[in-house]
Amino acid sequence: MPPSLTAALQEWESLEKEYHQIQESHRLYLQKLDEVSKLQSNCSSSIAHQRSRLKDMSQLVKKCNKERLTEEDVKTLDEIKEHIKARPNTFFEMEAFLPKKNGLYLNLVLGNVSVTLLSKQSKFAYKDEYEKFKLYLTVLLLLFAFMCYFFVSYRFVDAIFNFLLVWYYCTLTIRESILISNGSRIKGWWVFHHYVSAFLSGVMLTWPDGYLYQSFRNQFLAFSLYQSMVHCMQYYYQSGCLYRLRTLGERHNMDLTVEGFQSWMWRGLTFLLPFLFFGHFWQLYNGLSLFKMARLPDCKEWQVSMCGISFLILFMGNFLTTVAVVRTKLKSKDQAKPKGQREALCVTMEDVEAESSTQPEAMEEEDPLFSNLDLFLFTLIAGLIIYWFMSRKKAEPIPEFKKLDQPAPSTRDTSFIEKMKRTGRNIVVFYGSQTGTGEEFANRLSKDAQRYGMKGMAADPEEYDMSELSRLAEMDNSLAIFCMATYGEGDPTDNAQDFYDWLQETDGKLDGVNYTVFALGNKTYEHYNAMGVYVDKRLEELGAKRVFDLGMGDDDGNLEEDFVTWREQFWPAMCEHFGVEASGEDSSIRQYELKEHNDINMNKVYTGELGRLKSFETQKPPFDAKNPFLAPVTVNRKLNKAGDRHLMHLEVDITGSKIRYESGDHVAVYPTNDTAIVNKLGQILGVDLDLVISLNNLDEESNKKHPFPCPTTYRTALTHYLDIIHPPRTNVLYELAQYATDPKDQENMRKMASSAPEGKALYQSFVLEDNRNILAILEDLPSLRPPIDHLCELMPRLQARYYSIASSSKVHPNSIHICAVLVEYTTKTGRLTKGVATTWLKNKLVADNGHKSTVPMYIRKSQFRLPFKASNPVIMVGPGTGIAPFMGFIQERGWLKEQGKEVGETVLYFGCRHKNEDYLYQEELEEAEKTGVITKLNVAFSRDQDQKVYVQHLLRTNKEDLWRQIHTDNAHIYICGDARNMARDVQTAFYEIAEELGGMTRTQATDYIKKLMTKGRYSLDVWS
Ligand SMILES: Cc1cc2nc3c(=O)[nH]c(=O)nc-3n(C[C@H](O)[C@H](O)[C@H](O)COP(=O)(O)OP(=O)(O)OC[C@H]3O[C@@H](n4cnc5c(N)ncnc54)[C@H](O)[C@@H]3O)c2cc1C
Ligand SMILES: NC(=O)c1ccc[n+]([C@@H]2O[C@H](COP(=O)([O-])OP(=O)(O)OC[C@H]3O[C@@H](n4cnc5c(N)ncnc54)[C@H](OP(=O)(O)O)[C@@H]3O)[C@@H](O)[C@H]2O)c1
Ligand SMILES: Cc1cc2nc3c(=O)[nH]c(=O)nc-3n(C[C@H](O)[C@H](O)[C@H](O)COP(=O)(O)O)c2cc1C
């Protein structure tokens, strides 16, 4: 046999031997397993048997107690009782090593798998790992909360944080259930509070972004930050203490480190108590803040009250449990110590060893502080308190938040169908309106209905349950009219957002519902009348019947004329449709009645506030459109070096207001009308402007009780609440015509309100082209002297003006910058006319006679946002005041750079008339280019040479670079400023670049830019 084969055979023999040994060992192992399994079930059933016998035994002992016993017998019985009492603990210990069925929760999560670890080491290792998991996650959450609080403010990053919290707490509840199966004594509140926390985090996760979310966000993050810090601190101190006690045999191996405050922590760790109590009261504060928020009329999010309830439960559970520990401890200390020592409550760490060896803690202290019944009662009490709290608040009017001009609708009021039935109306006119035009049109249409023998009502879709629309078919000759304005990128107005969402989601049938739509928009915008078009199409898809064609109103042309023309055709068609006689009786219908207050407490009179009376004197957050913040002006300087225009840079201080903003948001300001014009109006109408009046709605069912906050003076109404500067609409002229004593004037005014071509031409030239506001009309028509109360009823509301914020909150968290140009022009009739807001802003001197000038303002969130990844290049195009948001963007990119972030190319295209005149922020921009924050600064000086040079010319010059940035490097493009011409021309330049360098046709290029828009890589912030 060859030697190699011999070696192989020998090796094989040895392998075979080893194999048989393995087989034998495995057989033995299986046998032992079998035995172990039998022993386990043996032990389990014996324990069960013993338990039942112990129960019987207890009964027996009780019986014995009733007999007459000797002292010896009593002693014996006591001993037995002691043993009976101690047995459950011993069984608990034993069962920790026996497999058992999972509880409901573990069964649901893991199924019926045994989670019992069979050795002490593995139990301890699991517990140890649980503690580490908790510590690591706490540190991670701390860092996350810190980042979100100080650096990153995106809802989706918050969502990641909330998700992490949900995951963390859910995992804790599972791990704790496993620990309990393995002998841990953690129970009661310390387990339950993790379920509540998981629920709370889940609700926070679903809370949609919005003003309310933003108002609470930082409070929640700060609280999370604090909570995580306290937990880390607790872990650090408690782990040492627990370790020592365990070594001394005073604590059970499976006891956990960070679990609220327990009696064993008393020695040396009482300093933790203030931190814990502070955290509990913070939870109470969070709960109360949320309930306060839930009472706001604007609060629609269910998450607010749910989070409030959760915080309150957490507070009650934590607070009561900790107080109970303190109480028990104080009691036991009092009993255990000699009198002289009773006051010494704080014991140092050194005492732990000395004390612990001589004074083991009583077993009762190991018991859960709260039973499940207690927890149930806490929850019940908390629920009852909340119910009482909320129902009480609903029943009582809350003067603080009650809007006098727009009271919050009661539950019954949300049904427009019931209201229509109750008041015998058959036409409802819904409006989606931001600046009031749509609302005005809706009011006019509902008034019209009366003229045609029908009854209408204007309705804000936000105040009603729009899912009731299908019920309109229940009413004979019913009709829904929609006056829908479009904003942003084809978006609905704020008050129509819910209706729009509902339309998108619903698949309900609207068969038998009659409708028509009038769209309000502006042709200069990319998505012209998108909302009106959508509503019209969608209602048809849902089965509703279009009874009259969609009207398209263009604010760039003559919106009033578009509306009047549509309306003139609409009503006769409706009369025919419903078989109503088209009387069309043209008579003036007053909506409000005048009440003069000759003897009124001036504290009850509005002096310019928009919502709550005296809200300008006692300012309370949250601040919004109905509760603006009075921000002091800290800087107001002229930006242009020369020229006859006035371009200005303003800074307003928002310290202490809790207002947060992002670069790209808009600040809305409420201006006031020029005093001189108000006085002239008073003079020409011969009225006492300081008379206190109320205009009360004659329709008692209407949600709008007054046209503006009342009672107030005519002076306040004309200064703060009414738009007296824009040319009046035709309906105003029509209503006022009755007061013109000269028949010619009366005829002309009525003609202007008609759809006759001659009338339209007259309105166009006399009112629009000549830019006549109400004062100019009164001056030029001396026979027209209407009563001031009717004039006040007809004038539209003075609207807030928006400005693109010219600062970054990262650099200026407490101030908001504005860049604006004074509007000033001379009309064809030779009147010098000044823009309301810009003139008012110009006059806002930093210190006005020692007084701080203030601006009522609030923030409007926008979609105009820097890319999430700072490394993406950005291309900003903003001539003139269009530079505003880019000042914020540039500051933010600079700040990111300073933080060591990788910041992509930052390219600016700015345009102005003359380099030496209106090169806005020249120093800042050149400095930013020098420091590399702006990688390329391109400025078009349009009037410094014969040929105009605009930003789009520079775009074309740099087309290769631009194409690379857009097509290859994923650049984000931003355009800000004039919507009428500039935005369109710039967009055309981008089409041309895509055509030329991307080899596309015009259609492909248009699609290409559209795609960028949908991806959020081509954003517009434009106005006209
Ligand atoms: C989202 C958004 C962001 C904006 N951001 C900025 C910004 O950052 N900076 C900025 O300066 N503006 C900005 N605006 C414009 C701003 O809101 C105001 O419209 C502007 O300041 C004028 O307000 P005003 O009250 O002074 O003028 P108004 O009293 O409202 O007068 C303006 C009106 O006067 C008329 N008018 C103006 N000029 C003439 C003329 N030459 N001839 C005849 N009629 C004329 C027009 O009808 C015009 O609508 C923004 C607008 C929006 C919607
Ligand atoms: N609604 C309002 O009351 C209101 C208030 C403020 C601003 N705006 C609008 O916002 C825009 C910015 O106002 P502003 O005073 O800050 O700017 P601006 O100084 O009038 O214009 C800035 C630069 O843009 C140039 N420009 C003009 N038309 C252009 C076009 N089609 N494409 C590209 N560039 C063009 C101007 O050149 P030339 O002037 O030499 O042509 C100028 O160099 C204005 O155009 C105005 O329409 C409206
Ligand atoms: C900031 C801003 C954005 C606008 N966006 C659009 C738009 O995308 N499409 C459109 O057709 N009209 C747009 N408009 C025009 C308005 O819809 C139009 O002026 C309308 O009459 C406003 O109605 P309201 O006063 O009822 O809000 C926009 C107006 C502004 C001020």
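Helix H18 gives the most residues to the lining of the second largest pocket, with 4. The structure is a predicted model, and this report describes that pocket and the surroundings of ligand 1.

**The second largest pocket**

The volume of the second largest pocket is about 600 Å³. Its lining comprises 27 residues, and those nearest the centre are Asn 673, Asp 674, Thr 675, Ile 677 and Lys 834. Two or more lining residues come from each of helix H18 (675-685), helix H23 (774-780), strand S16 (832-834) and helix H25. By residue class, the lining holds 8 nonpolar, 11 polar and 8 charged residues.

**The shell around ligand 1**

Around ligand 1 there are 21 residues, among which Arg 801, Tyr 802, Tyr 803, Ala 837 and Thr 838 come nearest. The shell divides into 12 nonpolar, 7 polar and 2 charged residues. Strand S13 makes the greatest contribution to this shell, with 4 residues.

Polar contacts of ligand 1 include the following.

| Ligand 1 atom | Protein partner | Distance |
|---|---|---|
| Oxygen | N or O atom in the side chain of Thr 838 | 2.5 Å |
| Nitrogen | Polar backbone atom of Cys 819 | 2.9 Å |
| Nitrogen | Polar side-chain atom of Trp 1023 | 3.4 Å |

Ligand 1 taken alone exposes 980 Å², of which the protein buries 70%. The elements that supply two or more residues to its shell are strand S13 (801-804), strand S14 (815-821), helix H25 (836-842) and strand S24 (1018-1023). Helix H25 is thus named for the ligand shell and also for the lining of the second largest pocket.

Key
Residues numbered from 1 in each chain as written. Chains lettered and ligands numbered in written order. Predicted model: local features only at pLDDT ≥ 70, side-chain atom pairs only at ≥ 80, totals over all residues. Heavy atoms only, no water. Near = heavy atom within 4 Å. Polar contact = N/O pair within 3.5 Å; in protein donor to acceptor, adjacent residues only side chain to side chain. Areas by Shrake-Rupley, 256 points an atom, 1.4 Å probe, with all protein chains shown as cover. Nonpolar A, V, L, I, M, F, W, Y, C, P; charged D, E, K, R; others polar. 1 Å grid on protein atoms, 1.4 Å probe; cavity = no way out; pocket = protein on both sides within 12 Å on 5 of 7 lines; lining within 4 Å. Points joined across faces, edges and corners; volume = space filled by probe spheres on them.
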